[in-house]
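Trainee: Could you take me through the aromatic residues of this model and the helix beside them, slowly and in one connected account?

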Amino acid sequence: NWISGDFFLQDEKGNRGTESFYPTHPERYRYIRRAYKENAPIRLRKPVTIFLVVSLCSMGSCIISKSLLDMAGNFNGEQRKGVDTELYWRLSRYADLVFLPLPIFVYRRHPSSISSDGQRITDWEPKIINKMLEDPQWNQYRPQLKRRLLRTLVNLSHTFETRGDHLKAIKLSYQAIVIKPYSKLTWISFIRAVKNYYIGVINK
């Protein structure tokens, strides 16, 4: 079916971290803590709700059966970014994930790596999640999908704002307000984006 393991990060100079990846990331580790405590594999039952929060898989550290890929569908050929994450979402709806608390490969990063960017652009997510929200197969996960979409829009707004694209930031934060109009976080994001846009106009 579907098996995932841990890995080590290595920089461009070949220096490897002293700890593997997942134990050093609390937002991920909390879902798989038991595997490390017991030093044994654990089974996560159709972990859609987990994967819509964080990923517990990497293409270099997982094994997926062909029968599961045939069932869930392979990579989305029309998608240019985030093809692995979107595939994990579909896989987690069809099968349990067995997680091994064992580093099984080394992931080498270099300065130009996408994963080295602390403000990675996930602008593909809103389009994909909106499609999922329209798909009846995802109906039972609508609340989780909306939370993921809201978080993504707010994060993207902040990313574009810090990069100077204030109009894009305003558009994204407004979309977040439409989803959850009574959220203090979305309004703070929107007001900040509008404020910085006008500051930029005045200073020109």
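**Aromatic pairs and helix α1**

Mentor: Both F51 and Y88 are buried, and I will come back to that pair after the wider setting; please keep in mind throughout that the model is predicted.

A search of the whole structure finds 16 aromatic pairs. One of them joins Y22 and F99, whose ring centres are 5.4 Å apart and whose planes meet at 85°, an edge-to-face arrangement. Because Y22 belongs to the loop between β1 (2-10) and α1 (26-38) while F99 belongs to strand β4 (residues 97-108), this pair ties together parts that are 77 residues apart in sequence. As for exposure, Y22 is buried with a relative accessible area of 1%, and F99 is buried as well, with a relative accessible area of 0%.

To return to F51 and Y88, their ring centres lie 6.1 Å apart with the planes at 65°, so this pair also counts as edge-to-face, the cut-off for that class being over 60 degrees. Since F51 sits in helix α2 (residues 48-51) and Y88 in helix α4 (residues 83-94), the pair ties together parts that are 37 residues apart in sequence.

Y22 and F99 are also members of one aromatic cluster, which they form with F7, F21, Y29, Y36, F105 and Y107. Two of these members, Y29 and Y36, appear among the buried residues of α1, which are R28, Y29, I32, A35 and Y36. A general point about helices helps in reading that list: an α-helix has 3.6 residues a turn, so residues three or four places apart point the same way. In this model, the buried residues of α1 pack against β1, β2 (42-44) and β4.

The geometry of α1 deserves a careful reading, because two descriptors have to be held side by side. With 13 residues at 1.5 Å a residue, α1 should span 18 Å, and its end C-alpha atoms are 18 Å apart, so the two values agree. There is nevertheless a kink of about 65° in α1, centred on I32, and I32 is itself one of the buried residues of the helix. After α1 comes N39, which has a positive phi, near 50°.

Finally, charged side chains also meet aromatic rings in this model. The charged end of R93 sits over the ring of W138, at 4.7 Å from its centre, whereas K168 lies over the face of F160, 5.7 Å from the ring centre.

Methods. Residues numbered from 1 in each chain as written. Predicted model: local features only at pLDDT ≥ 70, side-chain atom pairs only at ≥ 80, totals over all residues. Heavy atoms only, no water. Phe/Tyr/Trp six-rings, centres within 6.5 Å; stacked < 30°, edge-to-face > 60°. Helix = DSSP H or I, 4+ residues; strand = E, 2+ residues; numbered from the N terminus. Buried < 20%, exposed > 50% of the residue type's maximum accessible area, 1.4 Å probe, protein only. Lys NZ or Arg CZ within 6 Å of the ring centre and 35° of its normal. Expected span 1.5 Å × (residues − 1). Bend = angle between axes of the 7 residues up to and from the residue. Contact = heavy atoms within 4.5 Å.
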